[in-house]
Amino acid sequence: MSLDALGLIVADLRAGRQARVRYFMPALVLALLLVGGFLVLEGLRPDLWRQPLGQLGAQLAVWLLCLVAMPAVGLGLWFPARSLRIVLVIAAIAAAAVAALGQDLWAILTGGGVPGQGPRLDYCLGATVGAGFVLLALGVLSGAFAARRRASSALWVSGGMSLMAFVVSVWHCPSADPGHNLYSHLGAALLLMLLASGAGLIAHHRQRQR
Amino acid sequence: MSVAQSQPGLAVLMDRYLDGDQRAFGQLHAALSPPIRGLLGKLVRDNATAEDLLQATLLKAHLARDGFVVRGPHPDAAVQAWYTTIARNLALDHLRAQIRERKRRAEPGEDRDPVEEIATDLPSIEEWQVDRDTAAEITRRVHEALAQLPAAQREVVELHKLAGLSMAEISERLQIREGAVRVRAHRAYKALARALGPGMSLVAMHLLGTGGRA
C-alpha cells in the first residue's frame, strides 16, 4: 500500500486553510470597505498624524490586531501557543487604552481621576456600537464565528470587530477630553465587546449545530 | 501503551488538529505513531503490514475526525483510545480478510481464524494445560459466578470479555463515564476472583477472552 498518511493529511489541512482564506477574504475586504467608507464620508480627525508618536503607534497596533491577528486566530488561520495568545490579549487591551487616552492614561492610572465629560450617550458611543453591529452582522452572515470548533474562537472574532469599530471612532473623533475618550471610545468598545461576544457565542453554537 | 501518561498534551494537540493546525497534527502523529505501530505489530505480527495499517489508521481517523468527541474525565486517554480502537478494528478486518482469502483458496490446514492467534500477554490454553472437560467445568463455574454479579457489573464483563469492546466503547454503549465502567469492571473481576480463586479466574478470563465463550 505504501501510503504517506502524514503527507496526505498535511496537504488536506493546508487545502482547508487555503479554502478558509478564500472564503473569509471577501468578508474582510467588505469590512475594510465599510470602515474605510465611514472614515471617508465622516472624515479623519484633523490631528491624526500630529498625535503623540506613542498614541499613534498604539492606534496602528490596534489596526494590525483587529485586521490581521485576531481574525487569523478566530478563523483558524493562525494557531499561536497559549502564552502568545495571552500576550495578544494583553497587548490588545493595552494598545486600546493607549490609543484612546494617550498620556492621560498615566494620570488616570495613578489616581488622578477622570477629568472632563462623564459617561453619556453621544455620537461617538453610538457610532462605535453602530459600526460594531454592522461588522457583527457581517461576521454572522459569513460564518466567521463558527469557523473553528472551540467557542473561544468567537471571542477572538468579536474582539477583532470591537477593536475595529473602536479604532474607527478614534481616527474620526479629535476630542482631547479624557472623559469622552474613556467613556465614549474605550467604554463603547468594551460595551460592544460584551454584546458582540454574546452574539458571537450564540452564532457559534447555532451555526456549528447545522 | 502508556501515551496518556507520557503525553499530557494529546487532547490539546487533537483539538488544534481538528481546527486545522498542521503543526499540531505533526506533533500528534509523532506522539501516537510509535504506540499504534507497536499495537498493530503485535496484532498482525508483520512490520510491513503494521506500517500499512498505521497509515490507514491515520487516514481513517482523519476522515472521521469531525465525529471525535472527548468523553470522560481523561481527554488525553480519550484521544489515544480513539486511535487505538480504529487501529485495532483495521487490524481485525485485515486478519479476517486474510482468513477469508485462505478459505477461498481452500488450502488444507489453513482455515484457522488468525484473530484467535492474536498475541496476548496471557499464556495460551495449551500452556495452562486445560483440557476440554476442564474448560467446560470452568465455563460452567464462570457462568455461575457471573450470575451472582450485580446486573450492572455483569453487563460490563460481558461487553468487555465476551463482546470484546474496549472500556471507551462500553462507556459509549452504556452512556456512562469511562471511569464508572472501569470501577464496575474492577469490582466485577474482584468478585469473580473471590468466587473462582485467583488461578481459576485468570484461566476463566482467558477462556472468556478467546475461544472458550462462556
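Biologist: Which residues of helix 3 of chain A are buried?

Modeller: This is a predicted model, where local features need pLDDT of at least 70 and side-chain atom pairs count only at pLDDT 80 or more, while totals for chains, interfaces and linings use all residues. Residues are numbered from 1 along each chain as its sequence is written, and chains are lettered from A and ligands numbered from 1 in the order in which they are written. A helix is a DSSP run of H or I with at least four residues, numbered from the N terminus, and a residue is buried if 20 or more other C-beta atoms, placed from the backbone, lie within 10 Å of its own. In helix 3 of chain A, the buried residues are A:Ala92, A:Ala95, A:Ala96, A:Val98, A:Ala99, A:Ala100 and A:Leu101.

Biologist: Which helices of chain A do those buried residues pack against?

Modeller: Packing here rests on contacts, in which the C-beta atoms of two residues, placed from the backbone, lie within 7 Å. By that test, the partners of the buried residues of helix 3 of chain A are helix 2 (53-75), helix 4 (104-109), helix 6 (152-172) and helix 7 (178-209).

Biologist: How far does helix 3 of chain A reach from its first C-alpha to its last?

Modeller: The expected span of a helix is 1.5 Å times one less than its number of residues, and for the 20 residues of helix 3 of chain A, at 82-101, this gives 28 Å. Close to that expectation, helix 3 of chain A reaches 29 Å.

Biologist: Which residue just after helix 3 of chain A takes a positive phi?

Modeller: The phi in question is about 55°, and its place is just after the end of helix 3 of chain A. The residue that takes this phi is A:Gly102.

Biologist: How are helix 3 and helix 5 of chain B oriented to each other?

Modeller: The axes, which are lines fitted to C-alpha atoms over the stretch in contact, come within 10 Å for helix 3 (residues 22-44) and helix 5 (residues 75-105) of chain B and cross at roughly 30°. Angles run from 0 to 180 degrees between N-to-C directions, and those under 35 degrees count as roughly parallel. Helix 3 and helix 5 of chain B are therefore roughly parallel.

Biologist: How many strands does chain B have?

Modeller: A strand would be a DSSP run of E with at least two residues, but the elements of chain B run α-α-α-α-α-α-α-α-α-α-α from the N terminus on. Beside its 11 helices, the number of strands in chain B is zero.

Biologist: What percentage of the residues of chain B count as buried?

Modeller: Among the buried residues of chain B are B:Trp82 and B:Tyr83 in helix 5. Of the 214 residues of chain B, the part that counts as buried is 29%.

How values were computed: Buried ≥ 20, exposed ≤ 12 C-beta atoms within 10 Å, placed from the backbone. Parallel < 35°, antiparallel > 145°, perpendicular 65-115°, else oblique.
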